Each structure stands twice: as structure tokens, then as C-alpha cells.
Amino acid sequence: MTDYSRLQNGSDVRGVALPLVEGEPVTLTPEAAREITRAFVRWLSERTGKAPEALSVAVGRDSRLSGPELAAAAGEGIRREGAVWGDCAMASTPAMFMSTVLPGFSFDGAVMVTASHLPANRNGLKFFTRDGGLESGEIRELLARAGSLPPAGEIRGAVTHPPLMEAYSAHLREVILRGIGAGERPLEGFKIAVDAGNGAGGFFASQVLEPLGADVSASLFLTPDGRFPNHVPNPEDKAAMDAIRDGVVRGGCDLGIIFDTDVDRAGAVDAGGQEISRNRLIGLLGAIVAREAPGSTVVTDSVTSSQLTDFLEGKLGLRHRRFKRGYKNVINEGIRLNREGTPCLLAIETSGHAAMRENYFLDDGAYAAVKIIIQAALLRKEGKTLGDLLRDLREPLEAAEYRLPIRGEDFAAYGRQVLDALAEYAAAQPGWQPAPDNFEGVRVSVPAEKGWFLLRMSLHDPLMPLNIESDREGGADAILAQLRPFLAQWPRLGR
């Protein structure tokens, strides 16, 4: 037996795929990719009731240097189980899900070889059916099964080369055409810069925007390069946002769009160089869904600001449900609300994972960008800009995040002890107001400092992130000072 459990990262498989960094040995080998994908085929067979020989599984990859070898190994695993391998070559993660539902494709399952924005030596696997991405428990099952499979047989399944990205791009173009309703080239006169970060997102400029009339000449880093030589392909990275902001301003663009490596996350920059990410991205997409479904609920993760709640609820008339960190947690909560009869059109994490009900609740950066572009075009007809939608969204005066490591073994149990004690401590502090509806960690308002703090456990790592925001100069430091006596009681908690 082989233990592949160490490769699990939530609902993904991730590991070191290339020996590029001293002290980081390779853990995600081609053999591992082959065996885990063999396990996926067997899991699909049981789930669908189809024999492996009747299954078809698509495989795509981003621009990482290890991508071709790992994708080929995944394809080999599919074929050794007797299923058909649809080799989609370079693709985006959302497109791989769409391979299970787009007309003319309808694969039984899909595998994406990606590690999102992680360093170049890393890679991973994501798995999809037409019901969505696999959950963490299902990934755990796959890895356990992969470690005890019998030796692989001969290659029996066929290989095809479906034009997935062409079909997916055509789908996105059609969404824009329907949304704007202004002929076959509705983006004529728009100048839009796309920053793909040398990942898989360059198609958005050449295959989606340009055919609709947009000028994409100011775009950045569209050529796939798994070394990521220009900046980290991550809309949360400061250097990445600085690059797209500078490109928009220098190029005189109407809009800038930036993607992560595999295009499941996006950010934007308006014509004035104002960044649209985190709270502002949530606010913008919230303004879009408010026009479509007034009074509906927007689900976010736990670290969003009080000012965002004021905007969503007070200005837009929406309901804001602040849930747990983790894009799958946020998306699943949006799905659950709809099943229970509470309309929710948008579930979005501050990192840029934005999922919409109209789009299978798929976290698709390209689809989010499409919605933003449609809104920009419609606003132009009214003589307005995206900035007009966000004029009433305030940002906190001060914001800070501290990542407090937990030393020693059994860090999760220790973290729970810290949070239980903090909940009692906070309830006894004069003027502190623990949040009444809180799903993660301990969140407390501190009105005297016009702010709040949230202490929670990291999803996967032995640390506790502490987020603090304040609308008073010096307020964040003051809140931290009030917390220090409590934190000092916990010797295993780093500071």
C-alpha cells in the first residue's frame, strides 16, 4: 500500500511536483497522478452505474512546467481502467467542469492539473462531475483507494482531443452578447487589459473579448510560462495588482481584468486605476445581483468588513450572510440556502472565488469577469461607470492580519481551547460585543475603537489568523493591545 493522504489539501490534491527548491522533495509524482486518477475512474463507475469502458473523463492543465507530464499520467490512468481520455491540453479549471455539461461534450468526469497560485514547483489535481467539484471527504476516499489499487493493466481506453477551450470561449461570448444586446461586436470602443500572469487565462483576451470588438492591446503576460517570470499569478498579490493597475493607466483602458493561474479567481481595475478586489469585488458583484434579485442573500467568508455589510444591506437591499473561510464552504452554504428556499445568487470568498447560481455555482473567474464587463457596457449606455456602483462602499480606515503559529502537536485541539476561552473572555469584557451570528472562530465588535476583530483557526495549517479592522486612527493597534493580555495566557501561541 502507498499512503497518498499527505497529498490532500481540503477538496484538492496538491504536492511538490518538481525538485526546484532545496528541502522540498517531490511528493506528487506521475505515478501518484496515474493511480489517483485510476481511483477516480472506479469511483465514477460506482457513482454512475456505468462500466469503466463506458466512461469518458476529460483532463486539462494550466501552464505549470510539470503539467504536461502529470496530465499525461492522469490520462494513462484513465485509459488503463478502460475509459476514454479526453485530452483538453491547456485549459482553465472552470472549463474543465464545463466539459461535463457543455452541449457536445458531456464527459462523465473531469480532472484539472493545477495548484492555483502556488509556486512553480507545486502542482495538484482537482476532480469534477456534472454535480460540481468533489468534496474533501470524497478526496480522502479517492486517496485511500488509490493507495491500495491492484497493479494497472494494459492501456485499453481510447484518447480524444476535444476542442474544449474553443467551445467554452464561445459560451462566454454568447453570455456577453445576450447580456449587452448590441449586435455582434458589443465591445467595440472598449479597451480592456487582461493580465493572465503567464497562466492559462490568455484565451480570455484573444478568444472572448477580441472577437466581440474589444481592444486588448494593453494586455499583460498572456503567454503561458510555468516559471511565472513576471509576478505571482494571484489577484490578492500586491505586485500582481500593481501590474494590472499600471497597465490600465498607461494604456488608457476602460477596464482591467486579472486572473490567477487556472482562472477560477479574478480581480479587476477600473479606468481610474482603482482596484476592484476583496470587499470591492464582492460589492460590485453584489450590486449586479441586486439589480436582478432585490432582497436576495449574498454569502461571503468570515473576514469581510462591517462596511461591506452596511453596503450590501443598507445600500443594495440585500442580505449578507458571513460564513466560514474556504471557497467550498461559502459555495455550499449558498447552495444550501437555495435548497431551503432562501434566494442566493452569489457566493464569494474575499480571495476572488466568485460563484453564481446562474452558472452552476461554479467559482469561475472568467464568468465573474464577463458579468463585470456586461455591467460596464450597460452603465456606459447610461453615462455611468463601475465606480458609480461602488461610490457608497466605504473601506475601513485600518486593517491588519496577524498569523499566529501554534507550536507543538495536536494544534487543532489547542486552537479550539483558545477559541472557547476567548468566547468566555470576550463576553466578560466591558464594551465588547460578540457577533450574534458567527460561524467561524470568535468575532467581536469593539465600538469604542470603531472596529472589530476575528480570531479563527486556519483551514489547513497550524496557525490562527487574527483579523482586525477599525475606522479610527490607531484603533487597530488599540484593539490588539486589548487582546494581548488574553493572548499572553497561551504559551504555545506565537506572537
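This short presentation covers the sheets, the nonpolar cores and one pocket of the structure shown above. Please keep in mind that the model is predicted.

I begin with the sheets. One open sheet is built of five strands, arranged in the order β14-β13-β15-β16-β17, with mixed pairing. At its edges stand β14, residues 319-322, and β17; each has a single partner strand, so one side of each is left without a neighbour in the sheet. For β17 that partner is β16, residues 354-356: the two run antiparallel and are joined by two bridges. Within this pair, Met356 stands opposite Leu362 in β17.

A further open sheet also has five strands, in the order β18-β22-β21-β20-β19, and here the pairing is antiparallel. Its edge strands are β18, residues 398-405, and β19, residues 433-434, each of which pairs on one side only. Inside this sheet, β21 (residues 451-455) and β22 (residues 463-470) run antiparallel and are connected by five bridges. Leu455 is placed opposite Leu466 in β22.

I turn now to the nonpolar cores. Which residues of the largest nonpolar core touch the most other members? The core has 77 residues, and those with the most such contacts are Tyr168, Leu172, Phe203, Phe204, Leu209 and Leu285. Helix α11, residues 365-381, supplies the largest share of this core, with 11 residues. Leu285 deserves a closer look. Leaving aside residues up to four places away in sequence, Leu285 touches Leu346, Ile348, Ala354, Ala368 and Ile372. Apart from this core lies another, of 33 residues, which includes Ala32, Ile36, Leu55 and Ala71.

My last topic is the second largest pocket, which holds about 520 Å³ of space. There are 29 residues in its lining, and the closest to the pocket centre are Asp131, Gly132, Gly133, Glu135 and Lys328. Where does the lining come from? The elements that contribute two or more residues are α1 (30-48), α3 (93-98), β6 (122-129), β7 (132-133), α10 (327-339) and β17 (362-363). Strand β17 thus appears in this list as well as at an edge of the mixed sheet. Which element gives the most to the lining of this pocket? That element is α10, with six residues.

As to the chemical character of the lining, 12 of its residues are charged, 11 are nonpolar and six are polar. Among the residues closest to the centre, Asp131, Glu135 and Lys328 belong to the charged class.

That concludes the presentation; I welcome any questions.

Terms used: Residues numbered from 1 in each chain as written. Predicted model: local features only at pLDDT ≥ 70, side-chain atom pairs only at ≥ 80, totals over all residues. Heavy atoms only, no water. 1 Å grid on protein atoms, 1.4 Å probe; cavity = no way out; pocket = protein on both sides within 12 Å on 5 of 7 lines; lining within 4 Å. Points joined across faces, edges and corners; volume = space filled by probe spheres on them. Helix = DSSP H or I, 4+ residues; strand = E, 2+ residues; numbered from the N terminus. Core = buried A, V, L, I, M, F, W, Y, C linked by side-chain atoms within 4.5 Å. Buried < 20%, exposed > 50% of the residue type's maximum accessible area, 1.4 Å probe, protein only. Contact = heavy atoms within 4.5 Å. Pairing = 2+ DSSP bridges.
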